[in-house]
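Me: I have a new structure to look at. Can you walk me through a few parts of it?

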Amino acid sequence: MNGLLREGMKQPVPYKKLPGTATLWLVGSQRLWAGPDHLLMVTSSGYTEAYKRFAYRDIQGFVSRRTCHWALGLGLGGFFSALGVLLCFTEDGWSLGAFFLFFALPVALWNLVFGPTCRTTIRTAVQTEKVPSLSRARHFRKAMRQVLPRIQEAQGVLTPEEYEGAFREAKEQRPGTPPPVPLEQGIENTEGAQGLFAGRRTLYDDMRKDIGLSLPQRASLDAPPGLPGAALAGRGQARKAARFWSASPHFRAFVCLFASTALDATRFSFTSSAPGLAALFLGSAAIIFFILGLVKQYNTDLPGMIRFLTWAGAAFCLIKLAILYITGVLSLAINAPDELAANADIALAMARLSPYDGHGGMAVLLVCVFGGLAVSLPGLALVFYHRARRRP
Amino acid sequence: MLTCDNCNTAVPGYLVNTGEARCPGCGDKITAYAFPAIARVEQGQHPESLMELGHAGCFYHPGKKAVVPCGSCGRFLCALCDLELDGKHLCPACLETGKDAGKIASVEKERVNHDSLVLSMAILPVLIWPIVVITAPLTIYSTFRHWKKPLSLTRKSRWRFIAGSGIALLELAGIAVIAITLAAQ
């Protein structure tokens, strides 16, 4: 025993670092290392390290899904950088422009350099683990180039027939699984109403026919209502199938945010209490709907982009409300300190704020209007798209 | 079965090991790789019963036939008790002992990076200089105390220990110079 223990101490296992590092809570990090017979996931908190091992012979697969964080980071970073550059050329706005550039330009450049983002999961017979370090598509590709030969050396290569066999076996192990849906019906169920994905689906069908595979099982789409979506849940799959959802709270939240933004935009033309108060009311309603949406979207088939925009919208509304409250309080403190005690007066002051009072007010209104449009318009479009595509 | 992590839709066979494609459920772009382990059915070990005289029995299951001795304590083990680790055969008790002691690298779940702690302790006085009186001796003590302890699984070099103790020695030298100067005045 002692010999074995001493051996363990003196001979460090040779690991090779795989691309990608995830930063956790500013000080921690998570990395993936390729060992001789296993992958090692190291989660470091600075002074301690936690290890998870995935033996090459036990790894069932990797799934990487593209996320929209890259596009949003690049878009917002680019927008605010451009705004900063424009402000830098104005007479008094250079300080605000420099502020925007300082925060937005690194975000835009970072996303431009590192490319599209993704979410990667690794699956074994007993667990499905997220791999935060492989959160960029290029890191995932590079890591796979190093890992795939090792896994294939340990396990061999999986043929499509074997995969389909495992698929059918997993289905048979779960009683109550709905019968396979005929191809035409499947298409009608999903894209038949609008035909948005007809071309893409045809391409898949052609590929499927080429390699002689049966219809893919999609529990969230093909399972009748009330039945558990067992077709997709294989061995060790504890999570329930995603359910179809029309995303009503999301729709209402984006509508409220858009209306609030439109009312905010009227301040460029005239300053009045009524539209300001209405915008405030709609902004508050949007926050409530966003929170409802965030609570209810769990375990649904909602696309990742809508989920992300919901989080972004909720954060945007809260920050906007906080900024407007602070500017309202400041405005009252400067102009009418006696009225500061009443909350109604603060709300009125917020509603009466004119963008032409100063550069600060103009910048706040610009951010409110463009930010609101940047969140609400794509959100509305995506919810419409989601409903049209998935309507049974 | 591989599933999309967004909508939990099963990834169909024609999307596996073929590069990036759209998920049939949510439409997000996914890349899926599957390996033969997904089609493998794990079978547990079934130890043979001890039928003949002269055959050794398992230490933990006397009625079962021993197939291998423990590489650490030498006890005879049946197929059920045999735990293979890095090519060595161990009994459950030895594995547990080694795991608890944290000295079998293959089953270790956590380690403390003493070298990083030492280096941080040596650098900390840059922010709060008066604590150098405490941290410098503590750094040198920690270096000696933890020098032989295993490093992170992914590190081989002990340069942090050396750098930390070097900085601490410089700090101690600085303290000594200041003390002597003050005493001379």
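Reply: Here are some notes on a helix pair, a core and a strand residue. The model is predicted, so local features need pLDDT of at least 70 and side-chain atom pairs pLDDT 80 or more, while totals for chains, interfaces and linings use all residues. Residues are numbered from 1 along each chain as its sequence is written, chains are lettered from A and ligands numbered from 1 in the order written, and side-chain values use heavy atoms, without hydrogens and water.

Me: At what angle do α9(A) and α10(A) pack?

Reply: About 160°, with their axes 8 Å apart. Axes are lines fitted to C-alpha atoms over the stretch in contact, and angles run from 0 to 180 degrees between N-to-C directions.

Me: Are α9(A) and α10(A) roughly parallel or antiparallel?

Reply: Roughly antiparallel, a label for angles over 145 degrees.

Me: Which residue classes are in that contact?

Reply: The contact of α9(A) with α10(A) has 16 nonpolar, 4 polar and 3 charged residues. Among them are A:F254 and A:L257 of α9(A) and A:A286 and A:F290 of α10(A).

Me: Which residues touch the most other members of the largest nonpolar core?

Reply: A:F254, A:L257, A:A286, A:F290 and A:C317, in a core of 23 residues. The largest share, 6 residues, comes from α10(A).

Me: Other topic. Is B:L77 buried or exposed?

Reply: B:L77 is buried (under 20% relative accessible area, 1.4 Å probe, protein chains only), at 0%. B:L77 lies in strand β4 of chain B, residues 76–77.

Me: What is B:L77 in contact with?

Reply: Leaving aside neighbours within four places in sequence, its contacts (heavy atoms within 4.5 Å) include B:C58, B:Y60, B:V67 and B:C91.

Methods:
A nonpolar core is a set of buried Ala, Val, Leu, Ile, Met, Phe, Trp, Tyr and Cys residues joined through side-chain atoms within 4.5 Å. Buried means under 20% relative accessible area, exposed over 50%, partly exposed in between (1.4 Å probe, protein chains only). Helices (H or I, at least four residues) and strands (E, at least two) are DSSP runs, numbered from the N terminus. Angles under 35 degrees count as roughly parallel, over 145 as roughly antiparallel, 65 to 115 as roughly perpendicular and the rest as oblique. Ala, Val, Leu, Ile, Met, Phe, Trp, Tyr, Cys and Pro count as nonpolar, Asp, Glu, Lys and Arg as charged, and the others, Gly among them, as polar.
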